[in-house]
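Notebook open, viewer open. I want to go through the chains and the DNA in turn and jot down what I find.

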2 protein chains.
Amino acid sequence: MVIHYKDKTFFTGKDLALSIIGGRWKISIIWCFIQQSPLRLSEIQKKLPDVNQRMLIRQLRELEDDKIITRFVYPVVPPKVEYQLSEIGRLLEPVVTSICDWGDNFSDLLEKNDNKTSVD
Amino acid sequence: MVIHYKDKTFFTGKDLALSIIGGRWKISIIWCFIQQSPLRLSEIQKKLPDVNQRMLIRQLRELEDDKIITRFVYPVVPPKVEYQLSEIGRLLEPVVTSICDWGDNFSDLLEKNDNKTSVD
DNA sequence: TACAATACTGACATTTTTGTCACTAAAGAC
DNA sequence: GTCTTTAGTGACAAAAATGTCAGTATTGTA
């Protein structure tokens with residue numbers, strides 16, 4: 001199987017997937033949408049205070065380009081733009097939840113080992 | 001919940017997880033181990049020809065530091081070193097498979113749309 | 001005419017990640 | 001002493017990702 005996408009060639013769905021969701025903040029952004037949808041830019045900013053606006057917008061554009069999220073502009077003043085997951089975007093939920101689950105497992109393990117080696 | 005790990009602070013297991021498996025080749029490396037284990041460096045290189053050796057070793061070191069994989073050196077000449085997933089590393093399987101599954105879905109979608117819009 | 005609030009964009013700096021090249025280590029065989 | 005093979009390391013270059021800052025667009029209201 002060979003996949004051509006945006007001038008690049010991928011030999012597995014996995015590699016294609018990684019190229020799409022591999023961005024620094026992509027999974028975190030998608031996680032926001034799984035919790036609440038739709039979301040305005042300003043709302044995502046509140047949920048992800050560590051991401052600066054410029055970066056956030058860039059990642060949103062990429063996700064939009066890849067059809068993971070949709071963007072809807074309301075013709076009002078002040079401007080209002082709503083983002084939400086597309087159908088294929090919503091299918092990323094198992095990816096995000098499995099990452100969360102593993103992270104929780106890993107952090108439990110850290111705690112256990114910390115207690116084991118702690119000195120008082 | 002606050003997690004301190006390697007001089008950094010994480011507020012969710014997800015963020016901790018992303019910091020550990022977020023490296024450029026980490027998921028691909030873990031995927032190799034899910035397919036076959038243990039693996040020698042030279043074997044991983046064959047499976048991931050796009051990763052140069054220096055990079056591969058660096059990613060392996062990071063995974064080892066994070067206790068995702070173990071490294072066993074056989075005291076022989078020429079040197080023989082075997083890597084394999086640790087217990088917590090093996091728990092990454094659902095993460096990897098969900099990414100693969102989603103990628104396959106996405107690539108199916110691409111194909112469908114290509115056919116729809118193709119001209120002959 | 002100036003101001004408001006939201007959602008941007010452009011140019012550039014900085015940081016991080018990745019890649020390259022040349023080199024080392026190990027110890028038995030010759 | 002030199003060669004072999006596998007698995008590395010160090011120093012540096014290049015590229016990519018990310019961050020910063022200042023600025024634009026919109027149009028109803030004061």
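Before I note any interface number: by buried area I mean the accessible area, with a 1.4 Å probe, that two parts lose on being put together, summed over both. Also for the record, this is a predicted model.

**Entry 1: the two protein chains**

I looked up the area buried between chain A and chain B and got about 2,800 Å². Carbon and sulfur atoms give 81% of that. Which residues of chain A lose the most area to chain B? I found K14(A), W102(A) and F106(A), which together make up 25% of what that side buries.

Then I went through the contacts. I have 32 residues of chain A in contact with 32 residues of chain B. I also checked whether the two lists match: 100% of the interface residues of chain A are also interface residues in chain B, so the copies meet through the same surface.

**Entry 2: symmetry**

How is chain A superposed on chain B? I get a rotation of 180° with 0.0 Å of shift along its axis, and the RMSD is 0.0 Å. I'm writing that down as the relation of a two-fold axis. Next I asked which residue of chain A comes closest to the rotation axis. It's V95(A), with its C-alpha at 3.0 Å.

**Entry 3: DNA strand C**

I pulled the surroundings of DNA strand C and found 21 residues. The closest are R61(A), R71(A) and Y83(A) from one chain, plus R24(B) and R58(B) from the other. By class I have ten nonpolar, four polar and seven charged residues on this surface.

What do the atoms of DNA strand C within 4 Å of the protein belong to? I get 58% for sugar or phosphate, and the rest belong to bases.

I then went after the phosphate oxygens of this strand:
- One is 2.3 Å from a side-chain N or O atom of R71(A).
- One is 2.9 Å from an N or O atom in the side chain of R40(A).
- For R24(B), a polar backbone atom is the partner, at 3.4 Å from a phosphate oxygen.

I also checked which elements give two or more residues to this surface. Chain A supplies helix 3 (41-47), helix 4 (53-65) and strand 5 (80-85), and chain B supplies helix 4 (53-65).

**Entry 4: DNA strand D**

Now DNA strand D, which has 21 residues around it. R24(A), R58(A), R61(B), R71(B) and Y83(B) come nearest. Of the strand's atoms that come within 4 Å of the protein, sugar and phosphate account for 61%. The class split I noted for this surface is ten nonpolar, four polar and seven charged.

Polar partners I looked up here:
- Q59(A) has a polar side-chain atom 3.4 Å from a phosphate oxygen of DNA strand D.
- S42(B) puts a polar side-chain atom 3.1 Å from a phosphate oxygen.
- With R40(B), a side-chain N or O atom is 3.0 Å from a sugar or linking oxygen of the strand.

As for elements giving two or more residues, I have helix 4 of chain A, together with helix 3 (41-47), helix 4 and strand 5 of chain B.

**Entry 5: a serine in chain B**

Last stop is S86(B), in the loop between strand 5 (80-85) and helix 5 (87-90) of chain B. Buried or exposed? I get a relative accessible area of 12% for S86(B), so I'm calling it buried. Leaving aside neighbours within four places in sequence, I find S86(B) in contact with K67(B), I68(B), I69(B) and T70(B).

Definitions and conventions
Residues are numbered from 1 along each chain as its sequence is written. Chains are lettered from A and ligands numbered from 1 in the order in which they are written. This is a predicted model: local features need pLDDT of at least 70, side-chain atom pairs count only at pLDDT 80 or more; totals for chains, interfaces and linings use all residues. Side-chain values use heavy atoms; hydrogens and water are left out. A residue is near a molecule or strand if one of its heavy atoms lies within 4 Å of it. A polar contact is a pair of N or O atoms within 3.5 Å; within protein, one must be able to donate a hydrogen and the other to accept it, and residues adjacent in sequence count only if both atoms are side-chain atoms. Helices (H or I, at least four residues) and strands (E, at least two) are DSSP runs, numbered from the N terminus. Ala, Val, Leu, Ile, Met, Phe, Trp, Tyr, Cys and Pro count as nonpolar, Asp, Glu, Lys and Arg as charged, and the others, Gly among them, as polar. Buried means under 20% relative accessible area, exposed over 50%, partly exposed in between (1.4 Å probe, protein chains only). Contact means heavy atoms within 4.5 Å. Copies are superposed by least squares on the C-alpha atoms of residues with pLDDT of at least 70 in both.
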